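Let's take a quick tour of a two-chain model, looking at its packing and its interface. Here it is.

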There are 2 protein chains.
Amino acid sequence: MSKRGQPAWQAPEAVDRPKLKLFNSLTRQKEDFVPLDGNNVTWYSCGPTVYDASHMGHARSYISFDILRRILSDYFGYNIHYVMNITDIDDKIIRRARQNHLFEEYAAEAQKLPLDELLGQQKEVLLRFQDTCAKNTDPDKKIMLDKTLQRMNDAVEALTKAVGKGDEREISEKRLLYLNEAKDPISDWLDSLKGAQINDNAVFEALPRYWEDQFHNDMKSLNILPPDVLTRVSEYVPQIVTFIQKIIDNGLAYAANNSVYFDVNGFDKREKHHYAKLVPEAYGDTKSLQEGEGDLSVAEDRLSEKRSANDFALWKASKAGEPWWDSPWGKGRPGWHIECSAMASDIFGPTFDIHTGGVDLKFPHHDNELAQSEAAFNESEWVKYFLHTGHLTIAGCKMSKSLKNFVTIQEALKKHSATQLRLAFLLHSWKDTLDYSENTMEMATQYEKFLNEFFLNVKDLTRHVLSEEPRRQFDAWTEVEAALQKKFSNAQVQVHASLCDNIDTRSALDAIRELVSVSNVYIRDNKTRLNSLLLRNVATYITDLLHVFGAISGPRGGIGFPVSGGSGAQAAGADLETTVLPYVQSLAEFRYLVREQAKTLKAFDILKLCDDLRDNVLPNLGVRLEDKDIGKYAVKLVDRDSLLREREAKLAAEAEKAAEKERKKQAAAEAAAAKEAQRRVNPKEMFLGETEKYSAFDENGLPTHDKEGKEVSKGQIKKLQKLQQQQEQRYKEYLASIEKA
Amino acid sequence: MSKRGQPAWQAPEAVDRPKLKLFNSLTRQKEDFVPLDGNNVTWYSCGPTVYDASHMGHARSYISFDILRRILSDYFGYNIHYVMNITDIDDKIIRRARQNHLFEEYAAEAQKLPLDELLGQQKEVLLRFQDTCAKNTDPDKKIMLDKTLQRMNDAVEALTKAVGKGDEREISEKRLLYLNEAKDPISDWLDSLKGAQINDNAVFEALPRYWEDQFHNDMKSLNILPPDVLTRVSEYVPQIVTFIQKIIDNGLAYAANNSVYFDVNGFDKREKHHYAKLVPEAYGDTKSLQEGEGDLSVAEDRLSEKRSANDFALWKASKAGEPWWDSPWGKGRPGWHIECSAMASDIFGPTFDIHTGGVDLKFPHHDNELAQSEAAFNESEWVKYFLHTGHLTIAGCKMSKSLKNFVTIQEALKKHSATQLRLAFLLHSWKDTLDYSENTMEMATQYEKFLNEFFLNVKDLTRHVLSEEPRRQFDAWTEVEAALQKKFSNAQVQVHASLCDNIDTRSALDAIRELVSVSNVYIRDNKTRLNSLLLRNVATYITDLLHVFGAISGPRGGIGFPVSGGSGAQAAGADLETTVLPYVQSLAEFRYLVREQAKTLKAFDILKLCDDLRDNVLPNLGVRLEDKDIGKYAVKLVDRDSLLREREAKLAAEAEKAAEKERKKQAAAEAAAAKEAQRRVNPKEMFLGETEKYSAFDENGLPTHDKEGKEVSKGQIKKLQKLQQQQEQRYKEYLASIEKA
C-alpha cells in the first residue's frame with residue numbers, strides 16, 4: 001500500500017505526425033498550411049469570363065479547385081468560405097454581344113435584300129476581312145482566318161452559280177449558306193459600321209447571363225460544388241470605384257483621359273511593396289500585359305495615355321457602343337484585374353487565406369491583383385496561399401480552335417462520365433500539366449472498373465449480414481483479419497500522408513489500389529469464412545474517400561458507386577441498394593428454385609425463361625445475376641448502361657465465336673468437297689492436267705517428261721506411281737459407292 | 001526594376017489554434033489528444049454482459065461513446081479502429097441460464113403435480129427464500145425481497161382458497177398465478193437442488209446469444225455505430241489462457257486449487273507498476289473487489305485460497321453445473337477482468353490509444369485490467385487515454401429495480417425518438433452525471449423543435465433555387481449577408497473550440513442555438529430579398545453537425561431531419577412505388593411465364609413454388625400479387641403490415657362465413673324438426689294442452705270455455721275449427737307417409 005496517488009503519465013509525442021502542406025506560388029515551394037482564423041478558411045477563386053461554352057481548360061481548373069476544396073473541408077475538417085467571381089463586363093463580351101446583335105438583325109434583313117446589294121456588301125466584307133488577315137501575325141490564327149476566308153469564298157461562288165441558274169429555291173439556300181459561313185467577317189464588318197450606335201445595355205447583359213447559366217450547368221454536371229458567394233462585376237461597380245479611389249489616394253494610380261491606370265513603377269519603388277511577386281521574371285513583359293488589357297482597350301491613343309508601358313488600366317473610359325457606369329473619372333467600366341481585388345476584399349477584408357486560379361493567370365492578372373490590393377490597403381501581403389492549377393493539353397498538344405482540338409465540357413461528358421473525368425484528374429497532380437487523351441481516360445476508366453468490381457463483390461458477399469440475426473454480422477477475428485486490418489491501417493496512413501503532402505491524390509489512389517488488391521486476395525483465399533464487417537469497413541472507407549474527392553456525388557454513406565447513371569435518382573443511389581434488394585433477392589431465389597426443379601424435369605422451355613430473365617430482362621434493370629456452380633447465385637446491382645455495354649460486348653464475342661465456327665465449318669465443307677472431287681478422278685487421268693509440270697505421259701497416264709522435255713527421273717516416277725496407286729484405291733471405292741446407290 | 005526575386009513570405013502563426021483535449025481518468029484532467037500512430041486511433045470499449053434487457057444505464061455509456069467516436073472520426077478526421085467485447089461467460093449468466101432452464105422444466109411439470117405435493121414444495125421454497133431475506137443487508141434489495149415474498153404468499157393463499165372451493169378451473173388458474181409470482185424463489189430453490197446437474201453447454205449459450213441479439217437491436221435503434229471488431233469471451237478462451245500464463249511467467253499470478261489469482265501486492269511493489277492507477281483511494285476496498293469476483297465465486301473456500309484479500313481471480317475453477325474449458329490449471333473459465341486485457345491486447349498488441357467504459361467500472365474492473373496487462377507485457381503503461389462516462393440517474397434517483405424506476409431502452413424509445421434521446425445526451429457533458437427525467441427530455445424535445453422549425457423554414461423559403469435558372473441561386477451579397485456570415489463563422493469557431501475542449505457538445509449546441517436565432521432574425525428582417533445560398537449553407541452546416549453527432553441517421557447530406565421517423569428504407573418511402581415497381585413487375589412477369597409452362601407440363605412442384613411466392617414471400621415485402629382469369633395478374637404495392645393484417649382479416653372473414661353457414665344450416669334443421677313434430681299431432685288433441693287458455697273442450701277437442709270458465713265466442717270457435725281442419729289435412733298426410741314406409 002505504498003503508492004497512493006496517480007503515477008506520472010507520459011504524454012504521447014506528436015513529432016512525426018504529418019501536417020498539411022500546400023504548394024504556394026508565392027514561395028514556389030510547399031508550405032505548412034495554417035489558416036489565419038483557427039479552423040476557418042477564406043478562399044477566393046478566379047471565375048470565368050462568360051461569353052462562350054466552357055471547355056476542358058475550364059474543367060482543368062474548376063475540377064482541381066473542387067478537389068482541393070472538398071479535401072480541405074471534408075477530409076481535413078476546415079470550415080471554408082469560398083468566393084468566386086463571374087466576369088460579366090469584359091471587352092470580349094462587349095464585342096461578342098454587339099456583333100451577335102448586329103448579325104441577327106442583318107441576317108433577318110439579308111433574306112429579303114436584293115441580290116446585287118447583298119453581293120455588293122459582300123465585297124466590303126471581303127475587303128475588311130482581307131485587311132484583318134494581313135494584319136495578323138499569329139500563325140495559329142492565320143490558319144483559322146484562311147479557312148474562314150475559303151469557306152466564305154466558296155459560299156459566294158455557290159450563290160453566284162445559283163443566281164446564274166435562276167433557281168429561286170437554290171438561291172435562297174445559298175444565301176443562307178453564305179450568311180452562315182461568313183458570320184464572323186460579316187459581324188466584324190457590321191460592328192465597324194454600326195457598333196458605336198449600340199447603346200441599349202440589355203444587349204450587353206443577355207449574352208453573359210446566358211453563358212453564366214451554361215457555366216453553372218456544366219459545373220453541376222461535373223459535380224463541382226457551387227461557391228458560397230458568387231460576385232458579378234456588374235453588381236460590384238460602386239465598390240470597385242471606391243477601391244480605385246483608395247489606390248489613387250495612396251498615390252499609386254492616376255487618371256488620364258477619363259481612364260485610371262495603376263502606377264507600377266511607383267508601386268515597386270516603395271519598400272514594403274514588390275511588383276510581380278508571382279512571376280518576377282515577367283516584370284516588363286508588355287505583350288502579356290497588353291493582352292490583359294482587352295481587345296477594345298489597346299488602341300494607340302489608349303497606350304499613349306499611360307505613364308509607363310508597365311502600367312495597366314483600373315478604369316476604362318467607355319467609347320460609344322460600349323456599356324458604361326458613372327464614376328469620378330467619367331463614364332466607363334472597370335478594368336479586368338481590379339474586379340477580383342475589389343470583390344475579394346469586399347467579402348474578406350484586407351487579407352485572406354487562399355487564392356486559386358489557372359497557371360496562365362499568374363501574370364499579369366494575379367500579380368496585378370496583388371499589387372492593387374496591397375496598394376489599396378497599404379499592406380505587404382494580401383493573400384497567404386496562392387495556388388495555381390497546371391495547364392491542360394489535348395493528346396499532348398495545346399488546346400486551340402485552329403488545331404480543331406477544342407473540347408467543350410459537354411462534349412467531354414458525352415464520352416465519359418463525371419466520375420471518370422474526376423478520376424482522371426485525381427490520378428494526376430493538380431499543379432502539373434494534365435494531358436487529356438485516350439490514354440489518360442483509359443487509365444481512369446480502368447481504375448473505376450477495378451474499384452467497381454470490388455464494391456460489387458463485397459456487397460454480394462456480405463449482404464447476408466443485413467438480414468440475419470444481428471450477432472451474425474460479427475464474425476470471430478483471426479490472424480487473417482488482423483493481417484488485412486494491418487494493411488487497411490497502413491493504407492489509411494499512406495492516404496493521410498499523401499493528402500498532407502500538397503493534396504497528392506495520385507499517391508492516395510495508389511494506396512487505395514493496393515488496399516483493394518490485398519482485399520481481393522483476402523476474398524479469394526477465405527471464401528468460406530469472410531469477415532463481412534471488415535470487408536464492409538474497407539469498402540465503406542474507400543467509398544467515403546471517393547465521396548470526399550468528389551468522384552461520387554449525392555449524400556455520403558453506403559458502399560460503392562451510385563447505381564443509376566444520371567439525374568436526381570443518383571442521389572438516392574446509395575439507398576437504392578437497401579430499397580430494391582429485397583425484391584431482387586426474392587426474384588433470384590424464386591428463379592433458383594424454379595430452375596432446380598426445371599433441371600430435374602428437363603423442362604427446357606422453363607430453363608429458357610430462366611436464361612432470358614438473367615440475360616435480357618435483368619440487365620435492363622441494372623441487375624447482374626450470376627449463376628454459380630458452388631453456392632447458388634450472385635446478385636449485383638450495377639449501372640444499367642455499363643451492364644448493357646457489357647452485354648453487347650458479350651453478344652459480339654459470341655457472334656464472333658459463332659462466325660468463327662461457321663468459317664471453320666465452311667472450310668471443313670470445302671475440304672470435304674475437294675476430297676470428294678478428288679475421289680472421282682480416274683487415276684489414269686490424274687496427272688494429265690498438270691501441263692505446267694509435265695509435257696508427255698505414258699499409257700497409264702504417268703508423266704514421262706517434264707515441262708522442259710527432260711525425262712522424269714526413276715525416283716520421281718516411283719513417287720508418282722505411289723500417288724496413282726493411292727488414287728486407284730479411292731477411285732475404286734468411289735465407283736463402288738455409285739454402284740450401290 | 002529593382003526587385004527581381006520573390007520577396008520573403010511570412011508564414012502564419014499557429015499558436016492560438018485550439019487543439020483537441022480529452023479528460024483522461026489516468027490524470028484526472030484534460031490532456032492534448034495525440035494518437036500513437038499518426039491519424040489512426042485504436043480504441044477498446046467495455047461491452048455488455050448479456051443476460052437481460054439493456055437499460056438506460058447502458059444507453060448512458062453507449063450513446064456517449066458513440067458521440068465521442070463519431071466526433072473523433074467524422075469531425076476530427078481520425079481513422080478509428082473500434083473494438084468492443086461481449087461478456088458471454090459470467091457468473092450472472094451461468095446462474096440465470098441454469099435457473100431459467102430448471103424453472104421452465106418445473107413449470108411444465110407443476111401443472112400436473114398433485115396439489116399437496118406442490119404445496120409441500122412451496123414450503124421448502126418459502127424456507128429457503130426467508131433465509132435469503134434474512135441474510136440480505138442491502139436496504140434497496142430488502143424492499144424487493146419483501147415484495148416478492150408478499151406476492152408469493154398472496155398467490156399461495158389464493159390457491160389454498162380455490163382448493164377449499166373445489167373449483168377445478170380456478171385451482172388451475174391459481175396454480176399458474178403461484179408459479180408466476182414465485183418464479184424467482186422457485187428458481188433459486190430449484191438451482192440449489194439441481195443446479196449442479198446441469199452439464200449441457202447449450203443451456204449456457206442460448207441465453208447470452210438471445211440477449212446479445214437484443215443488445216445489437218437496441219444499439220441500432222439508438223443509431224449507435226457497430227464496433228469494427230466484436231470479441232466474445234467464449235471465442236477467446238485459448239488467448240486468455242496464454243495471457244494468464246504470461247502473467248504467471250512474469251511472477252505476478254499464482255495457481256491455487258485449479259484457480260489462478262493475480263498477486264496485487266507483488267505487482268504494486270515493483271517499481272514500474274502501480275496498482276489502482278485510476279482510483280488509488282480504492283486500494284484495499286475488498287467489498288468492491290468481491291462484487292467484481294461474481295456471485296458464484298465468493299464462497300469461503302474460494303476467498304481463503306487467495307494470498308491476500310486484494311487478489312482477484314484470473315481463472316476460476318468450474319464447479320458442477322458451471323460451464324468449463326480446459327486449461328493448464330484444470331477445468332475452469334476466465335475471470336471477469338482478464339477477458340478485456342486479453343482481447344484488447346490480441347487486437348492491438350501491448351498498447352493502444354483509448355479505453356472507454358462506464359464510471360462504475362473504474363474500480364476494480366479497469367484498474368485490474370491495467371494491472372494484468374502491464375504485468376503481462378512488463379510495461380508501465382497499457383492505455384494512453386482512459387475515458388469514463390458519467391452516471392445516469394432517473395429523475396434524480398439512482399436507477400434500481402426496487403425503486404421501480406428501471407427503464408429499458410425499448411421503454412425509453414416508446415416515449416421518445418432516438419434523435420430526442422441523443423439530443424438529451426448532447427445537451428449534457430459526457431463525463432458528468434446525466435439525469436434522465438421529464439425535464440431533461442423536455443429540453444431535448446424543445447431543442448429539436450426549434451431546429452426543425454428553422455430547417456422547414458429555410459427549405460420552404462429557398463426551394464425556388466432548385467428549379468429556377470441556375471444563376472438565380474446566387475443572390476448579390478450585401479452588408480446584411482456579411483453580418484450573418486460573420487456570425488456563422490463565429491459559430492463555427494465556437495463549435496470547433498467546444499469540441500476541442502473535451503468534446504463539449506453542450507457548448508457546441510449552445511453556439512448552434514445562437515446561430516439559428518440570428519438566422520431567424522435575418523429571415524424576419526429580409527423577407528423580400530433573402531440570400532438563399534447563405535441560408536442553405538447555415539442549415540446544411542447544422543444538419544451535417546447533427547449528423548456527425550449521431551442525432552440524424554442515414555447518409556450525410558441535405559438539410560434538416562429525415563422526413564419519416566425511422567429507418568433508411570422508410571425515408572425513401574415516398575418514391576418506393578417508382579423505384580421498386582420495375583423489379584416487382586419483372587418478377588411477376590417471369591412467374592407468370594413459368595406458371596403457364598408449368599401448367600402445361602403439369603409440373604406441380606413448380607406451381608407450388610409459384611403459389612408460395614404469391615402467398616408467403618411477396619406479402620412479407622408488401623407486394624400483393626393477384627392471379628387473374630382474364631388478363632394475367634395484378635401487382636400492388638401496399639404497406640407490409642397492413643397487407644399482413646389484410647391477410648389475417650381475410651382468413652378471419654372466411655372462418656366467419658363458414659360459421660354463419662353452419663349456423664343457418666342448424667337453424668334450418670331445427671325449423672324442419674319443429675314442422676315434422678307438428679305434423680304428428682292428432683287434430684283432436686291439438687288444443688287439449690293449452691290449459692293456460694282453455695278450461696273445457698268438446699268431443700272433437702275444440703275448446704268450449706276459457707281459463708276463467710267463460711264460454712268461448714262463436715267467432716273464436718270458428719277460427720279454431722279452421723285451424724283444426726288445416727291440421728287434419730297435415731295429419732292425414734303424415735299417416736299416409738307412415739303407411740307408405
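What follows covers the ground rules, then the cores, then the contact between the chains.

This is a predicted model, so local features need pLDDT of at least 70 and side-chain atom pairs count only at pLDDT 80 or more, while totals for chains, interfaces and linings use all residues. Residues are numbered from 1 along each chain as its sequence is written, chains are lettered from A and ligands numbered from 1 in the order in which they are written, and side-chain values use heavy atoms, with hydrogens and water left out.

**Cores**
- The largest nonpolar core (buried Ala, Val, Leu, Ile, Met, Phe, Trp, Tyr and Cys residues joined through side-chain atoms within 4.5 Å; buried is under 20% relative accessible area, 1.4 Å probe, protein chains only) has 340 residues.
- A:I542 and B:I542 have the most contacts inside that core.
- Leaving aside residues up to four places away in sequence, B:I542 touches (heavy atoms within 4.5 Å) B:L451, B:F454, B:F455, B:I512, B:L515 and B:V516.
- Another core, apart from the largest one, has 44 residues, including A:Y592 and B:I606.

**Interface**
- Chain A puts 104 residues into the contact and chain B 105 residues.
- About 9,200 Å² is buried between the chains (accessible area, 1.4 Å probe, lost on putting the two together, summed over both), with carbon and sulfur atoms giving 61%.
- The rule finds 2 salt bridges across the interface (side-chain nitrogen of Lys or Arg within 4 Å of a carboxyl oxygen of Asp or Glu).
- A:R471 and B:D213 form a salt bridge at 2.6 Å, N to O.

Note on methods:
Buried < 20%, exposed > 50% of the residue type's maximum accessible area, 1.4 Å probe, protein only.
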